[in-house]
Amino acid sequence: MNEALEVWIDQGLCTGDGICAQYAPEVFELDIDGLAYVKSADDELLQEPGATTPVPLPLLTDVIDSAKECPGDCIHVRRVADGVEVYGPDAG
């Protein structure tokens with residue numbers, strides 16, 4: 001699967017566990033509020049609700065593992081083309 005994917009975090013469900021930042025620190029980061037956020041391609045924390053960032057292909061497995069292991073079930077990975085969630089709580 002080499003189609004473009006993007007990821008976003010529902011901070012309302014985030015437990016601040018930090019598993020995502022351990023799996024893929026290039027994509028996820030905990031902020032001073034203790035919640036996880038996605039980062040832009042230039043390493044900027046995206047704090048707007050629903051902010052998305054592209055999933056870099058080399059990190060796809062790490063991002064998917066983050067979504068699967070997240071205790072808050074708050075990481076959503078979806079196809080850019082049609083917005084369909086492929087990994088996360090609303091997938092399939």
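Student: Why is Cys14 called buried in this predicted model?

Tutor: Cys14 has a relative accessible area of 15%. Buried means under 20%, so Cys14 is buried.

Student: How do you know that Cys14 is in no disulfide?

Tutor: The nearest cysteine sulfur to that of Cys14 belongs to Cys74 and is 4.6 Å away. A disulfide needs the two sulfur atoms within 2.5 Å, so Cys14 is in no disulfide.

Student: What about Cys20: buried or exposed, and how far away is the nearest cysteine sulfur?

Tutor: Cys20 has 8% relative accessibility, so with the limit for buried at under 20% it counts as buried. Its nearest cysteine sulfur, that of Cys14, is 6.4 Å away, and Cys20 is in no disulfide. A search of the whole structure gives 0 disulfides.

Student: Why is the contact between Glu6 and Arg78 called a salt bridge?

Tutor: The N to O distance between the two side chains is 2.7 Å. The cut-off is 4 Å, from a side-chain nitrogen of Lys or Arg to a carboxyl oxygen of Asp or Glu, so the pair qualifies. Glu6 lies in strand β1 and Arg78 in strand β6, 72 residues apart, which makes this a link between distant parts of the chain.

Student: Which of the terms buried, partly exposed and exposed apply to Glu6 and to Arg78?

Tutor: Glu6 has a relative accessible area of 16%, under the 20% limit, so Glu6 is buried. Arg78 has 23%, between 20% and 50%, so Arg78 is partly exposed.

Student: What makes Glu3 and Arg79 a salt bridge?

Tutor: Their closest N and O atoms are 4.0 Å apart. The definition asks for within 4 Å, and on that basis the pair is listed as a salt bridge. Glu3 sits in the segment before β1 and Arg79 in strand β6, 76 residues apart. With 34% relative accessibility, Glu3 falls between 20% and 50% and therefore counts as partly exposed.

Student: How do you know that Lys39 and Asp43 form a salt bridge, and is Lys39 buried or exposed?

Tutor: The side chains of Lys39 and Asp43 meet at 2.9 Å, N to O, so the pair meets the 4 Å cut-off. Lys39 has 8% relative accessibility, which is under 20%, so Lys39 counts as buried. Shared partners also join Glu3, Arg79 and Asp82 into one salt-bridge network. The structure holds 5 salt bridges.

Student: Which residues touch the most other members of the largest nonpolar core, and which elements supply that core?

Tutor: The core has 22 residues, and those touching the most other members are Val7, Ile9, Val27, Phe28, Val55, Val63 and Ile75. At least two residues each come from β1, β3, α2 and β6. The largest share, 4 residues, is that of α2.

Student: What does Val7 touch, leaving aside its neighbours within four places in sequence?

Tutor: Val7 is in contact with residues including Val27, Phe28, Val38, Ala51, Val55, Val63, Ile75 and Val77. Thr52, Thr53 and His76 are also among its contacts.

Student: Why is Val84 called partly exposed, and where is its place?

Tutor: Val84 has 36% relative accessibility, between the 20% and 50% limits, so Val84 counts as partly exposed. Its place is in the loop between β6 and β7. Not counting residues up to four places away in sequence, Val84 touches Val77, Arg78 and Arg79. Cys70, 14 residues from Val84 in sequence, is 20 Å away in space, C-alpha to C-alpha.

Technical notes: Residues are numbered from 1 along each chain as its sequence is written. This is a predicted model: local features need pLDDT of at least 70, side-chain atom pairs count only at pLDDT 80 or more; totals for chains, interfaces and linings use all residues. Side-chain values use heavy atoms; hydrogens and water are left out. Buried means under 20% relative accessible area, exposed over 50%, partly exposed in between (1.4 Å probe, protein chains only). A nonpolar core is a set of buried Ala, Val, Leu, Ile, Met, Phe, Trp, Tyr and Cys residues joined through side-chain atoms within 4.5 Å. Contact means heavy atoms within 4.5 Å.
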